Structure formats: C-alpha cells, structure tokens
Amino acid sequence: MNDLVLDVRNLQVKFNAPEEKLAQRLAKKLRQTLDQKLAPKLAVDDISFQLQRGQTLGIVGESGSGKSVTSLALMGLVPHPGKIIGGEIWFTPTNSHNSGQNSGDSHQSIASGDSKNKSNGTAVNLLQLDPETRRSYRGGRMAMIFQEPMSSLNPVFTCGFQLTEAIQLHQQVSLPQARRLAIASLQEVKLLPKDEQLRQEYLQQWQQENPQRPPTEAPTDMEVEQQINLRKQAMLDRYPHQLSGGQLQRMMIAMAISCNPDLLIADEPTTALDVTVQATILDLLRELRDSRQMSLIFITHDLGIIAEIADTVAVMYQGRIVETGTAMQIFREPQHPYTKGLLSCRPRLLETRQYLPTVSDFMEVVTTDRGVELREKSVDENVVMKSIGVNHPLENQVIGSDPLLVVENLRVGFPVGGKLRGQQRMFWAVDDVSFQVFPGETLGLVGESGCGKSTLARTILRLVKPTAGKIFFEGANILPWEGDRLRQLRRQMQIIFQNPYSSLDPRQKVGAAIMEPLVIHKVGQKASQRERAVYLLEKVGLDGTALDRYPHQFSGGQRQRICIARALALNPQFIICDESVSALDVSVQAQVLNLLKALQQEFNLTYIFISHDLSVVKFMSNRIMVMNRGSIEEIDTAENIYRHPTSDYTRQLIAAIPQPALLN
C-alpha cells in the first residue's frame, strides 16, 4: 500500500505586480530592459516536499517566506493576482472515505464527478482538475484551519448553521443527519462533552437544586435526553462572538474534520492564543491525527511548537525551502544559517540572557550578478554564546532604592446586568492589586487573556478610571490629577500597544505620527521636532527617509519600531509594553526585544512588560508578577518564578510552554 498522501513537485506561485502591467504597455524598446529590472519575484519558488499518511510536516519561516501561499496553493485558494505558474501537486486519497467516525453514514464518492481524472486510492495531480472537481476535494478530502478563526466564520450566522452547511456541501445527507454529524464533531474536539458526561452533569445539577426530593422523583430517561439535546442545541445556536478564542479555534477544527479529510492544513492555528489554550489545541490536533490516521501540515514561525508536533520539518525563506529533514535532524544538526538563526533567536526558559541572537548574526543577504545569495557569516562574527550566563543586573539592587511607581489596593470594576439585593453587580477586572516598580527595572506582567493585565496597564496610565485604591508616581498620588497636571504626567508615562498597525493612523505619515506628541505638548519648533523624529528613527534602527512614508509601507517589525520611537518622543521615564511583540515573528521579536533592552540602558527607562509568553517575559524582566482573574498570584525575581514557583497557576503556565528536549 502506498502511504504517500501528498507529493509536491517544483511548485511555483507568482503575484503579478502593478509595475509588470505598466511594463507591458510601454514601447518595445523599453520593454526588454524593464523586464530585466522588474522581473517578478516568486512568492513560492520551485519547492518540493512529500507527506506520509498519519504524519505531520511542519513548515516554519518568517512572515513573507511563502508558508501561507504554499498552503493556499495546495487548497486551490491562491488569491488574485496570484497564479500557480508551474509544478505538480499529487494527492492520494484513501480507498474508503467515511463521513465521520461517529456516524454510520457513508460518504458519497467524490470521484463520481470525474472518473477520467481520478479514482479513490489513486494519486491525482490537483492542478490538472477542473474547478468543480477541485472544489469537491477542498473541504471533503483536504481541509484547512486558518490563523484567525473570527475572520473565518460569518458573524451573522450561528456556528451550527455554518458547520452543518459545510457537511451538507460535501456529503449527501439530510439536515437532521448533518446536525448529528456536527454534534459528533463538536464532541470530538471537546467543545461539547460526550453524551454520558452531559447526562451526569445534568443529574448532578438536578440533585443540587432539589436536595430534599427523593430519588423516585428523579428525571426520567426521556427527560434527561431532552435536556441533553437542549444543551447540544444551545451550542449549535451560538454565534461566533459568543465563543472565546480557544473555543472558536475548536469550532474551526470541528468544521475541518467534519468530512473526515485525509489531509488537514493548520496555518498558524495557535499564534493568537494564550500558552495554556495553545497547549490544549496542540494536544487536540495530535489526538485527532493519531485517531484518524490523518496527515497534518502545521505552519508556524514558532520552532518550539514545531519541535513538539512535527515528524518532518521544512524551513522556508523568501519563497524557497532552504532545509528539510526530520525534526531531530533540523533541531540537533541544522545546516543552513537561516535555520541556525531561527533556532537561536527564540528565548529559552533554561537560559539567562542579556541579548538574543538574530538571523543577521548567522547570515547575510548579498546581491551578485547571479542574483540574491545567502552567505553564512564566519564563526568569529557569531554572537550566540556571548549572551548566555549573564544575570539581570538589577535583581539584587532595585529593592534598595525608592520606587518610581507604587500601586496600593487597586480595584477596577465594570457593571454587569442585574442587581443583587439592591446593589449593582460588578465584574472585578482588577481586584485589590498592590505592587511597586523601581527605577531602571523591568517588571514582567504575565497571565492569560482576561486576567486583567491590559486593564491594569490602562488604569496606571489614567486611561481607565479605578473603582478604589491609590497610584503613586514619584511619590505623588496621581489619581486625583486632572487637566494640565494630568497632561504633564503623560510626558513621563507612555505605552506601546500590541498591534502597531492599529496604533498608527494609516492616513498620517510616519514623521507626523512621531512628532504628534511634541506638537500636542508644544515642545520645540517644527524644525527641531523634525530633527527629533529623525534622531528617534535612527535610534530604533530606521533612517530619516521613513518620515515621509505611510505605515502600510513598512513591515510589522518596522511599524513596531516606529511606535517605540513615538513613545520616546517626550523622553519619558516609564513605559508600559502591552503585548508589544506578541504578533511578531520570532526573529523580528528578537530584534525588538534587543532594541527595548538597549534603549532602556541608554535612556534609563523603567518598563512594565506585559505578555502571556513567560519565556519572553523572563528574558526581559528583573522581576515577574503573575496575574490570574484580576488578582496577583505571586511576585518574585524572574529566575525564582521559573525555578521555584509558589502558585499552582504559575506552574500551569510554565508547564504549558513548549519546552521539547530537541530545543534544550
């Protein structure tokens, strides 16, 4: 039996640029010269790989490397003006294809639509199929999970409608049968408990609500069954906005597996999730892969995840696969300098570092007559080892100085529906929090989404009004401050938000964005303001030419550097970094983290660094504060939090971080 599910040969994908269309309209004299200068860069450039049944291929690389375009090409979803211009995609479905493990319904043969092109169990080149036949494979034999589940689901339809629609599209089943299959899929991804567990939960609830009633009056089997069906129906009737991020991703996985595909493509499925939710999604994907003997392509820029879930790994850079091999080979003996750089720039909990190596420490991109070449730097230029074994310098010194920021018994509440005994019910996003931050220190703030991190940050900056408590900055209680006094405080306290693109006005040039704080606070004249903006851009690794460009003309990492420059415009003492590197690739993340540390030393800055990634927080911080449900679980030095956590919640966060032996 042939266990090869996917065989990709010399795949090429090109996106036509506007310049190409312009060149085609020009005179024949200029066309040949311009064609050489404007030669299109392939988004996917002659890549080949294979995938066996029941195995996982990890595709890793930075944004723009071609990972997602490759997955879209496999699914036949390359967006306009992209086009597959070469190669072959050979896909071998299983001989039998059932609609689901929990149903006796037989999946109708997709091959009946085009017997000349394909048959069950026989390899078929997907690029040679007509659109209708290709569509029958997509969602039926091949399924995909996208990075952002909220944008993948229609907000105006219930989750149940969208799930049953996908099932009926690929299977000849009635609506009641489709609903049964949908519920079975939700139970398989553990978004709904199994029937027996639902039965036990209802009976326990009935006993708690009716402690005085005898067992003879317990609900009948029919009544219990009705309640179970109501619970299932309630899940199907929920809209996407009524589910959490992890629940939405499980819903997308349920939709993807509902037709029992042979191949599942997961494109960055855990990037936006907390580390604990990420761990549960990874466990679920592994379980589904093994129970269904399904092949999996897992795309990510996080090498920690790849090392945990992948059997084989393909490393992509600028549209090409630069290295392939087993997970053991890639992580133990990387050959390409780009792979070595990716492996080294990821923060590790087992090491204490003052500097993260970056990809540029391992290789350089050189343009020659033959085109662009990647060259490995010599060993003496490598700075990997210089960063290891250096303790955070403030760990034993900060407590001796006067604190810059003091928070005492801070509470922030938001009213929720209804009243209890005549009083407004409140949700406490921040519940009796007290801590101190010392000059020159980085206090890491870690916890899952919804624990109150961002609310606490905005309250400190007086962007959210607290319900109770005190906030002292440089010894003064800033909560009563209003008007000009509060405006002056803004010069000393700044924030860097998570999403740099939404932090910048797309209609405003970068120079205007950086100078805006200087204009608002009337600092200097126009010439000196522009000079200050150029100086700050150079400090964050950009140049003065960026002043007259717009945010969309920069990469994600460059936009975050611009936000950092703007935060420094008024020379503040204190900056809050609110998930400021969470959306960045691991290599770009390393550059921004190194930049933040360098700026801290140069400008004597004090940080509160917020993240749900404990490994990143440990690299950045002198001390770490762990939050859970609005309260502080524990505060200690970064090393002690990791080595000797006192809270069960902190232990759960540490245990959920991918720490495979291959990376240690």
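**Entry 1: Glu-441 and Arg-623**

I looked up Glu-441 and Arg-623 in this predicted model. Are they buried or exposed? Glu-441 is buried, and Arg-623 is buried too. Their side chains meet in a salt bridge, with N to O at 2.4 Å. I then checked where each partner sits. Glu-441 is in the loop between β14 (423-437) and β15 (442-446). Arg-623 belongs to strand β21 (residues 623-628). The two are 182 residues apart, so I noted that this pair links distant parts of the chain.

**Entry 2: other salt bridges**

I asked how many salt bridges the whole structure holds. The search finds 22. I picked out a few.

Asp-484 and Arg-487 meet in a salt bridge at 2.6 Å, N to O. Both are in helix α16 (residues 483-490). They are 3 residues apart, so about one helical turn separates them. I checked their accessibility as well. Asp-484 has a relative accessible area of 58%, so I wrote it down as exposed. Arg-487 is at 40% and counts as partly exposed.

Next I looked at Asp-548 and Arg-530. Their closest N and O atoms are 3.5 Å apart, and they form a salt bridge. Asp-548 lies in the loop between α19 (526-539) and α20 (556-567), while Arg-530 lies in helix α19, so the pair ties together parts that are 18 residues apart in sequence. Asp-548 is partly exposed at 46% relative accessibility. Arg-530 is partly exposed at 37%.

I also found a network. Asp-7, Arg-9 and Glu-88 are joined into one by salt bridges that share partners.

**Entry 3: aromatic pairs**

I searched the whole structure for aromatic pairs and got 4. Why is the pair of Phe-157 and Phe-161 stacked? The planes of the two rings are at 25 degrees, and stacked needs under 30 degrees. The ring centres are 4.8 Å apart. Phe-157 is partly exposed at 36% relative accessibility. Phe-161 is partly exposed as well, at 40%.

Tyr-317 and Tyr-338 form a tilted pair. I noted 4.5 Å centre to centre and 50 degrees between the planes. Tyr-317 is in strand β9 (residues 312-317), and Tyr-338 is in helix α14 (residues 337-344). They are 21 residues apart, and the pair links distant parts of the chain. Both tyrosines are buried.

**Entry 4: a nonpolar patch**

I went back to Phe-161, which lies in helix α6 (residues 159-170). Which residues make a nonpolar surface patch with Phe-161? They are Val-156 and Phe-157. The patch covers about 280 Å².

**Entry 5: charges over rings**

I looked for charged ends over rings. The charged end of Arg-411 sits over the ring of Trp-428, at 3.7 Å from the ring centre. Lys-597 has its charged end over the ring of Phe-619, at 4.2 Å from the centre.

**Entry 6: Ala-598**

I looked up Ala-598 and found it in helix α21 (residues 586-603). Ala-598 counts as partly exposed, at 42% relative accessibility. Val-540 is 58 residues from Ala-598 along the chain. Their C-alpha atoms are separated by 9.6 Å.

**Entry 7: cysteines**

How many disulfides are there? The count is 0. I still checked two cysteines. Cys-345 has a relative accessible area of 0%, so I logged it as buried. Cys-577 is buried too, at 0%.

Notes:
Residues numbered from 1 in each chain as written. Predicted model: local features only at pLDDT ≥ 70, side-chain atom pairs only at ≥ 80, totals over all residues. Heavy atoms only, no water. Phe/Tyr/Trp six-rings, centres within 6.5 Å; stacked < 30°, edge-to-face > 60°. Buried < 20%, exposed > 50% of the residue type's maximum accessible area, 1.4 Å probe, protein only. Helix = DSSP H or I, 4+ residues; strand = E, 2+ residues; numbered from the N terminus. Lys NZ or Arg CZ within 6 Å of the ring centre and 35° of its normal. Disulfide = S-S within 2.5 Å. Patch = residues over 30% accessible without salt bridge, like charges linked within 9 Å, V, L, I, M, F, W, Y side chains within 5 Å. Areas by Shrake-Rupley, 256 points an atom, 1.4 Å probe, with all protein chains shown as cover. Salt bridge = Lys/Arg side-chain N within 4 Å of Asp/Glu carboxyl O.
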